[in-house]
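This briefing introduces the strands of one structure to a reader who has not met it before. Please look at the sequence and the model shown here before turning to the points that follow.

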Amino acid sequence: MAEEAKFKCLRCNHEYTDSYDPDKIEERSCPKCGSNSVRRLKEEASKG
Ligand SMILES: [Zn+2]
């Protein structure tokens with residue numbers, strides 16, 4: 001079952017929310033710059 005999670009692109013620092021399925025490991029690409037250097041953020045994470 002998918003849940004929502006925040007992601008951040010390490011290339012352009014774009015942050016966005018997308019569905020996240022913990023049972024699947026998928027490669028993600030930044031919707032802004034297309035880089036696949038995207039990391040998931042924890043909910044507690046604030047700007048930094
Ligand atoms: Zn990006």
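Strands, as named below, are DSSP runs of E with at least two residues, numbered from the N terminus. Two of them count as paired if DSSP finds at least two bridges between them. The model is predicted, and its strands form an open sheet of three with antiparallel pairing.

**Arrangement of the sheet**
- The order of the strands in the sheet is β2-β1-β3.
- Because β2 (15–20) and β3 (38–41) each have a single partner strand, they stand at the edges, and one side of each is left without a neighbour in the sheet.
- From one strand to the next, the twist averages 45°.

**Pairing of β1 with β2**
- Six bridges link β1 and β2, which pair in the antiparallel sense.
- Within this pair, Glu3 is placed opposite Tyr20 of β2.
- The two strands β1 and β2 form a hairpin with five residues between the strands.
- In that hairpin, Asn13 adopts a positive phi near 65°.

**Pairing of β1 with β3**
- Strand β1, which covers residues 3–9, is joined to β3 by four bridges, and the two run antiparallel.
- Lys6 faces Leu41 of β3 across this pairing.
- Lys8 lies opposite Arg39, which also belongs to β3.

Note on methods: Residues numbered from 1 in each chain as written. Predicted model: local features only at pLDDT ≥ 70, side-chain atom pairs only at ≥ 80, totals over all residues. Axes fitted to C-alpha atoms, helices over the stretch in contact; angles between N-to-C directions.
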